[in-house]
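Grab a pencil and get ready to work through some exercises on a protein fold. Each one gives you a task, and then we solve it together step by step.

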Amino acid sequence: LLPHTKRLIANLLGWKRADGSRLYRKAYWSMARKNTKTQSLALLGLCLLILDQEAKPEVYIAATEVEQSGECYEAAKDIVLSNPDLADYLTIVDYKKMILCHANGGILKALSSKGKGKHGSNPSAVIFDELHAWGPEHQELYDALTTGSGARRQPLRVSITTAGSDENSICFEEYSYAKRVLSGQVEDPTYFADIYELPKDADWTDESLWSLANPAIDHFPGMRQMLREERDAALNSP
């Protein structure tokens with residue numbers, strides 16, 4: 001695991017309350033594209049499916065587009081197929097984009113449809129992928145998945161995204177709250193926030209700052225070169 005993924009998973013799964021349940025119930029994790037978000041999501045989803053000590057866990061990876069949620073499902077499937085122990089423990093149901101765990105009766109499932117029909121779900125964990133793409137037309141699905149966990153002992157909701165520009169959105173509300181938690185304006189010990197971004201007044205052309213928004217940049221040599229090319233193209237076409 002890369003350091004920023006270790007930080008996410010260690011915090012979400014490592015801190016406990018006095019009764020042994022998870023401390024964190026909500027999380028916001030954002031960074032630039034191509035920083036292994038999809039693979040991290042897949043791994044977190046499998047951990048929550050197998051290791052959460054939850055009766056019949058329901059772990060949903062929700063996105064606005066079939067392709068987006070499908071990418072994360074495919075990454076989770078690749079992890080399972082590459083590990084013989086997991087392949088014996090789990091069953092892949094490809095046509096449903098679902099992974100079953102026989103030991104606890106749990107499922108990990110990719111969702112991307114409208115909210116209709118999701119009100120009967122009982123999620124133990126929901127991972128919202130690319131939250132910046134969620135608009136008013138997706139509110140029903142969002143509400144269905146965030147209000148269905150009341151019977152769970154330690155429900156978890158994780159929002160993962162790249163930056164967006166719409167300030168009238170679900171994502172901007174979540175981002176604003178996460179920033180207030182990080183700054184200490186809001187005291188919420190149940191909320192984990194980790195945001196990788198450049199300050200608004202920073203010089204975006206300064207290569208020494210790019211790691212602030214790209215935590216994986218030093219692990220992928222091609223990323224820095226790609227960003228240089230994009231910077232130069234932007235400067236030549238203002």
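We're working with a predicted model here. Let's warm up with a single residue.

**Exercise 1. Find which residues T64 touches, leaving out those up to four places away in sequence, and decide whether T64 is buried or exposed.**

Solution.
- Step 1: List the contacts. T64 touches S112, A133, W134 and H138, once residues up to four places away in sequence are set aside.
- Step 2: Place the residue. T64 lies in the loop between β2 and α3 (66-81).
- Step 3: Check the burial. The relative accessibility of T64 is 16%, so T64 counts as buried. The cut-off you need is under 20%.

**Exercise 2. Now do the same for A62: where is it, what does it touch, and is it buried or exposed?**

Solution.
- Step 1: Place A62. You'll find A62 in strand β2, residues 58-62.
- Step 2: Check the burial. A62 has 0% relative accessibility, so it counts as buried.
- Step 3: List the contacts. Not counting residues up to four places away in sequence, A62 touches L111, I127, F128, D129, W134 and L145.
- Step 4: Pick one partner and look at the chain. A62 and I127 sit 65 residues apart in sequence, yet their C-alpha atoms are 6.1 Å apart in space.

**Exercise 3. Work out how many residues of β2 are buried, and which way they point.**

Solution.
- Step 1: Count. Five of the five residues of β2 are buried, so we call the strand mostly covered.
- Step 2: Sort them by direction. E58, Y60 and A62 point one way from β2, while V59 and I61 point the other way.

**Exercise 4. Find the strands that pair with β2, and say in which sense they pair.**

Solution.
- Step 1: Recall the idea. Strands of a sheet pair through backbone hydrogen bonds, either parallel or antiparallel.
- Step 2: Take one partner. β2 pairs with strand β5 (residues 106-111) in the parallel sense, over five bridges.
- Step 3: Name some bridges to β5. The partner of V59 is L108, and the partner of I61 is A110.
- Step 4: Take another partner. β2 and β6 also pair in the parallel sense, over four bridges. Here the bridge partner of I61 is I127.

**Exercise 5. Write down the strand order of the sheet, then find its edges and the helices α3 and α5 that pack on it.**

Solution.
- Step 1: Write the order. The open sheet has eight strands, in the order β3-β4-β5-β2-β6-β7-β1-β8, and the pairing is mixed.
- Step 2: Find the edges. β3 (90-93) and β8 (191-195) are the edge strands, as each pairs on one side only.
- Step 3: Note the twist. From one strand to the next, it averages 10°.
- Step 4: Add α3. This helix packs on the sheet and touches β2, β3, β4 (98-101), β5 and β6 (125-129). The direction of α3 makes about 140° with that of β3.
- Step 5: Add α5. Helix α5 (residues 139-146) packs on the sheet too, touching β2, β5, β6 and β7 (156-161). Its direction makes about 155° with that of β6.

**Exercise 6. Explain why C47 and C101 are not bonded to each other.**

Solution.
- Step 1: Get the distance. The sulfur of C47 is 12 Å from the closest cysteine sulfur, in C101.
- Step 2: Compare. A disulfide needs sulfur atoms within 2.5 Å, so 12 Å is too far for a bond.
- Step 3: Check the whole structure. The search finds zero disulfides.
- Step 4: Look at burial. C47 is buried at 16% relative accessible area, and C101 is buried at 2%.

**Exercise 7. Describe the largest nonpolar core, and find the helix that gives the most to it.**

Solution.
- Step 1: Recall the trend. In soluble globular proteins, nonpolar side chains tend to be buried together.
- Step 2: Size up the core. The largest one has 34 residues, and L12, L46, L49, L90, I99 and V158 have the most contacts inside it.
- Step 3: Find the helix. Helix α2 (residues 37-50) gives the most, with seven residues.
- Step 4: Look for another core. Apart from this one lies a core of 22 residues, among them F128, Y142, L145 and I170.

**Exercise 8. Check whether the span of helix α6 agrees or disagrees with 1.5 Å a residue.**

Solution.
- Step 1: Count. Helix α6 (residues 170-183) has 14 residues.
- Step 2: Work out the span. At 1.5 Å a residue, α6 should span 20 Å. The calculation uses one less than the number of residues.
- Step 3: Compare. The end C-alpha atoms of α6 are 20 Å apart, which agrees.
- Step 4: Look just past the end. G184, right after α6, takes a positive phi of about 90°.

Note on methods
Residues numbered from 1 in each chain as written. Predicted model: local features only at pLDDT ≥ 70, side-chain atom pairs only at ≥ 80, totals over all residues. Heavy atoms only, no water. Helix = DSSP H or I, 4+ residues; strand = E, 2+ residues; numbered from the N terminus. Buried < 20%, exposed > 50% of the residue type's maximum accessible area, 1.4 Å probe, protein only. Contact = heavy atoms within 4.5 Å. Pairing = 2+ DSSP bridges. Axes fitted to C-alpha atoms, helices over the stretch in contact; angles between N-to-C directions. Core = buried A, V, L, I, M, F, W, Y, C linked by side-chain atoms within 4.5 Å.
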